[in-house]
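Work through the exercises below with the model open. Try each task before reading its solution.

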Amino acid sequence: MSNNFVAPRFFAQAIPPYTEGMRVGLLGGSFNPPHEAHRAISQFALKRLRLDRVWWLVTPGNPLKENGTLHELGARMQAARDVADDPRIEVSCLESVIRTRYTIDTINTLRRRLSGLRFVWIMGADNLAQIHRWQHWRRIADQVPIAVIDRPPQSFRALASPAAQALARYRVPETDAALLADRPAPAWVFLTGLKLNLSSTGLRNPDGSWKGPK
């Protein structure tokens, strides 16, 4: 893996190419390391939600996680690009440029600066189970539609979570997933059928280093 990452300094440099009206899925995370499930989730969302692009937002650090073993941003960015390997998946370090670690601030910036795009926030069922701990999580739901990708065995825990219960009346039938990007928030869908179940945690050694291919 080559590491030729050069950190952008401005918003416009950190944003992938786009055209007005694009339907863009946003997948945020530490990507420490990125793996095939990130790619599979993105391609699954592209198809089921009829998206034009998915942007991976590689965070400088997760406020809810211990970041002592977090690899340098450039290494994670380059690794993410290597794993993505799909012209519809773009990798961005926007949060390091706008200096935020909170999803709500990232979403607000994107909606303000790129008002011609239709965004959908993508996350795994494990995140739905604990999104009520996120900063201003209800405002996130009010800003963008959300697509939750089922990750067994997290299904029951996720759908019984405080956020899922609070947003139950805004849940969209899975058969209408392709229309999610066109719906006003709050709106969310729970997508089933993706069986890949990897995690970055499982791909790290105890010292934080990344496990090599087997």
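**Exercise 1. Find the residue just after α2 that takes a positive phi, and describe the helix before it.**

Solution. Step one: go to the end of α2. R50, just after this helix, has a positive phi of about 55°. The model is predicted: local features need pLDDT of at least 70, side-chain atom pairs count only at pLDDT 80 or more, and totals for chains, interfaces and linings use all residues. Residues are numbered from 1 along each chain as its sequence is written, and side-chain values use heavy atoms, with hydrogens and water left out.

Step two: check the length. Helix α2 covers residues 36-48, 13 in number. Its first and last C-alpha atoms span 18 Å, close to the 18 Å expected at 1.5 Å a residue. The expected span is 1.5 Å times one less than the number of residues. Helices (H or I, at least four residues) and strands (E, at least two) are DSSP runs, numbered from the N terminus.

Step three: list the buried positions. Buried means under 20% relative accessible area, exposed over 50%, and partly exposed in between, with a 1.4 Å probe and protein chains only. In α2 the buried residues are A37, H38, A40, I41, S42, F44, A45 and L46. They pack against β1, β2, β3, β4, β5 and β6.

**Exercise 2. In what order do the six strands of the open sheet lie, and which are the edge strands?**

Solution. Step one: trace the order. It is β3-β2-β1-β4-β5-β6, with parallel pairing. Two strands pair if DSSP finds at least two bridges between them.

Step two: find the edges. β3 (89-92) and β6 (188-191) each pair on one side only. On average, neighbouring strands are turned by 25° against each other, direction ignored. Axes are lines fitted to C-alpha atoms, for helices over the stretch in contact; angles run from 0 to 180 degrees between N-to-C directions.

Step three: inspect two pairs. β1 and β2 run parallel and are joined by six bridges. Here L27 is opposite W56 in β2. β5 (residues 146-149) pairs with β6 in the parallel sense over four bridges, and V148 faces F190 in β6.

Step four: check the cover of β2. Five of its six residues are buried.

**Exercise 3. Which strands do α3 and α5 lie across?**

Solution. Step one: take α3 (residues 73-84). This helix lies across β2 (53-58) and β3, at about 155° to β2.

Step two: take α5 (residues 103-113). This helix lies across β1 (23-29), β2 and β4 (118-124), at about 160° to β4.

**Exercise 4. Are R151 and S115 buried or exposed?**

Solution. Step one: locate R151 in the loop between β5 and α8 (155-159). R151 counts as buried because its relative accessible area is 15%. Its side chain makes a polar contact of 3.3 Å with that of D126. A polar contact is a pair of N or O atoms within 3.5 Å; within protein, one must be able to donate a hydrogen and the other to accept it, and residues adjacent in sequence count only if both atoms are side-chain atoms.

Step two: locate S115 in the loop between α5 and β4. S115 is at 64% relative accessibility, so this residue counts as exposed. The C-alpha atoms of S115 and G21 are 9.1 Å apart, although 94 residues separate them along the chain.

**Exercise 5. How many helices and strands does the chain have, and what percentage of its residues count as buried?**

Solution. Count nine helices and six strands. Of the 214 residues, 48% count as buried.

Notes
Contact = heavy atoms within 4.5 Å.
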